[in-house]
Structures are given as structure tokens and as C-alpha cells.
Amino acid sequence: MKFKALNLFTGILILFLVKSCVKKEVVKLEIAPKYAVSVSQTNNTNAPALQSFTHAESISGKEWLLFAGRTNSLDSLNGGIHNLNGNYAGSSFTQSSYNDVIYVYNPKKDEISGSLTIADFIKLIEEKIESSSAKNPSILSPYYGLLKVTKKNTSIFKNSNALVKQDGNYLYTLGGYGPADFSNPKKGFITYNHVAKINVSNLIKLVKEKALTNKEWLDLMKVGKNDKLISTGGELYKYGEILYLSAGHNFGNTAPNEGQKYVDAIYPFTLKNNKDNKFALDITTNTPISDVSAPSNNGSDTTSVFRRRDGPILPSLYKNPINKSIEKSIAIYAGVFKPGHPLKAWKDAIYVHPNWANSESKLYTYDTAYDQENYNVYSCPSFVLFDSKSNKLHSYLIGGIGDGKGAPKGHLSGFTNTSVHIEMNVDKYPLKSTKQVLNYNIFTNAKENNKPYYGAEAILFPNRNLSYSKYSEEIIDINSTFSDQQKTIEIGYIFGGIEAFESNPGTYGPKKSQASNKIWKVTLTQQF
């Protein structure tokens, strides 16, 4: 027995010595990077004060094209949040707050490179007709067409909260809210049914130089109308040749609850140049993406989870499980308002994947587990990044409305300077998101979420010098943007929106809220 025990001990000792002589393999742990967002105010002071405006940028990215929206008149700070206790055709949205100037603004030089009122825009067309009549009467017909379409659709350049999408050198703008007749606002306010396609370079040139070539005039603007495409407070996306009207609201007639209707869907549609009219668009609508069979019915407002407006609606991605390709999609986070009283925001998310029907035979995934906790539930600046190594999307919402608290009776949730970082793995099903609230003042880096508040209905103009994902020109590519030498990147610039001087201002005016002309630089730092 002693001999066997000795042999056993010797064997264990030899095994231990052999293992101790083997070189240990070093295992490198992959640590997921963390990100820190930073916002700092620039010294720019000469930009126009605008909120809920239409916007585009020059091909070079050096100039911003700005029009429509609401502003502050000289005698009153009447931009900012509408009067929640007023009626929509009168005291809620005063006529003088509607911006009727088209601006070209250079943020680097902090100068307005050119401006043009709607009246002067029409006058330039009339002068073109007058000067051409003596030289070459045969070319007059197209300009009469442009004059007619411009006069009939001045609301394109003077409305609030239209749906906007720039694709290359063309700007698409849909809907928006304002008077049925700006010359006589007593006729009531409406949500518009127009869709416009505007040549950005040509309009910038017209605003700056007050002149265009014949060819540029003829490719300045085209307009179509469709009563299925009526929305304000939604977003517009364009994937390939298909545009997507994404949620929003039709205010209906002049007073609350008179014909109001949420879109309750995503409406795909296509545009085609009209054969007979150089300035007209033919519109074809496709089957809406919704959880109700007839989203245009009034009853859908009480049942549809798409009943949302003025919420963060972001470009997104998903991995199509059928062909294993990563494709473009649309992510709807939170938004207002849920049916019933008191006023409540949605806290969950919807992901629209238009080329893939999931296990429920739906072109969308409703993520009821996601909870934004009443933070940043209103339209605000946002940006999205994609990490192709981990297949994770990183989305950021900055400021706006939604401070994590419930709203006082008759009010929205409080304005906020907080931010939300949302993550989603694009190839895990069902699709779902998680979030982290950056619960401090993102605009000043102070610990407290103090007034004044920024971000609601503001726009983030992206830095086009960054590397964008091969899957989407709207989503930053993390892997080719960050490196060992490049840990901090400039995301872009936040401009305009509502500046609120109280958490729940309830209206516009001194010490309440106003349209902002402030500009903020946004950077992101990768941290390990």
C-alpha cells in the first residue's frame, strides 16, 4: 500500500512539474468600448432663430439652406412652444411667428450668405418672364408653369414642422402645419398634403445670386399632392426609390378634436416626373405598414401603436434572416401621445423592416420590453453609429422634452438637457434595444439638468468628413472612424429648435420659450 501511494504521489508531482514548465497562453479579452458624448456651444451669433424648420446643406456641406419653421418677431418672442391653452388657428400659433424667409447660412464664417422672402422669390420669376418675353417668347411657357406652382404652394416655404429628407442634391419636403390661406388666416389652419422635390444647389444659388440659368430654373422645384400623405411631426426617409412617410399627425380643422387624426402608419410612396407639366410630380402610394388594417380610419387612433408624432424617429439597420444581408430600416423611439388622458408619452419602440416579414408576418417589430422612462421622448437632435464587429447600433438622443418625470396636468413632460444612449444588436431576434440615460446637463456638462433647455425641434447637421457605413449613408461607421490615433470625432453641429426657460413653459414669450439661433458642436470619444 505504501508503494502504491508513493507511485501515486510521484505521478502527481511529475504532472505538476510538466504543467508548470509549459508556457502559459495569454488570452486577450475583447473589451467593448464605451463612448462619451460632449456638446459645446460655438461663438456663432448671426444664424437666424428657427424651430421646426425645413433644412438642407450644400453638396460641400459648407452652407445650410434654411426655410419655413417658426421664428421670433421683433416685438415679441412668439416662437418656441405653442400656447397649450390656445386654439390652433389663433393664439396657439400666431401668424407673425411663421418664418417667410429662405436663408443660406455659412456656419464657419457665421454669416448669412443670402436671403430671399417668398414674395421676392415670386418676383424673381415674374422678372424672368418679363425679360424673356422680349428676347424669346417661345420659352415663356415653362416659367408661367413655375410661377403658377410657386404661387399655389407658398406653404412649402412657410409652414411649421414639415417632414424633410435630403438625398444628394435634392430636398424632399412633405406636409407641415399652417394657415390654409396665409393672406387670410381666419380661414383656419391645416396640415398640408403637398410633396415637393427641390434642387438644393439651384435654390442656394437663387437665394445668393438672385439669378439662375434657364436649365437651373427648369430644375428648381416640382410639386405633387396626395391626400393620403398628410402629416406634421413625423419623419421622411428615402431608401432606394421609395420614400417613407413615418408617423406624424394631421391636425384637421381649426380647433382641437375637430378632425384631428394621427397617421398611425408608415406610408411608402414613389415620385415620378409628370409628362405634361415640368413642375409637377406624380405620386404612387403603396400599402401602409401598420398594426391596423385601415390606419386612415378615425378609430385607429385609439388602437394603433403607431399613433405617434414629434418623437425620435431614427435611421436604423437590421440583418435580414432570409438572405443574411444587413439592410436599412427605421427605428421609432417613444413619441407622443398615447390615447386617453392625461397626456402621456410612449416609452417603447417600433422597428420597421420594409423588406422582411418577421415570424408574425409583420414588416415591423414592436419592442414592448424597451422602456425609455419618459426621457427624451420628443423630436430632438440625434445620430447613429454602427459597429460591424459586434453588429451593434449606437443611437444618441440629445435634449428636447422628457426629463424622466410625469407631466403636470395639461402639459407635456418637462423640457430636458439629458441624453439617451440606445444600443441594438441588429442580428438578434426579436429585435430589441437597451438604453442608458445620461442624466446630467449635456449642454453644459453640469450635474444638474437645469434651465434653459435646448434640443426640441432642433437639427443636427452631420460632419460629412466622417466615414459612413456601407449599409447606410446616414449611419457613422465606428470601425473605420475610430482608431488608436483617433479616439475623438466631431459628429456635427446642433442648430436651432426651442429654447425653454422653464421646465414646463406652456407657451411662448419672455421667460417662457423662444426659437433659438444657437449652434452647438457635438463630439464623441471612444473609451476602453
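In what order do the five strands of the open sheet lie? In this predicted model, the sheet follows the order β25-β24-β23-β22-β27, with mixed pairing. Its edge strands are β25, residues 433-438, and β27, residues 476-477, each of which pairs on one side only. The connection between β22 and β27 can be examined residue by residue. Strand β22 spans residues 382-387 and runs parallel to β27, to which two bridges join it. Leu385 has Ile476 of β27 as its bridge partner.

Attention may now turn to helix α4, which comprises residues 200-209. At the start of this helix, a side-chain oxygen of Asn199 comes to within 3.2 Å of the backbone nitrogen of Ser201. Within the helix, the buried residues are Val200, Asn202, Leu203, Ile204, Leu206 and Val207. As a general matter, residues three or four places apart in an α-helix point the same way, because there are 3.6 residues a turn. Just after α4, Lys210 adopts a positive phi of about 60 degrees.

A further lysine, Lys511, is located in the loop between β29, residues 498-500, and β30, residues 513-515. Is Lys511 buried or exposed? Lys511 counts as exposed because its relative accessibility is 70%, and the threshold for that class is over 50%. When neighbours within four places in sequence are set aside, Lys511 is in contact with Phe501 and Glu502. Pro452 lies 59 residues from Lys511 along the chain, and the C-alpha atoms of these two residues are separated by 9.6 Å.

Definitions and conventions:
Residues numbered from 1 in each chain as written. Predicted model: local features only at pLDDT ≥ 70, side-chain atom pairs only at ≥ 80, totals over all residues. Heavy atoms only, no water. Buried < 20%, exposed > 50% of the residue type's maximum accessible area, 1.4 Å probe, protein only. Helix = DSSP H or I, 4+ residues; strand = E, 2+ residues; numbered from the N terminus. Polar contact = N/O pair within 3.5 Å; in protein donor to acceptor, adjacent residues only side chain to side chain. Pairing = 2+ DSSP bridges. Contact = heavy atoms within 4.5 Å.
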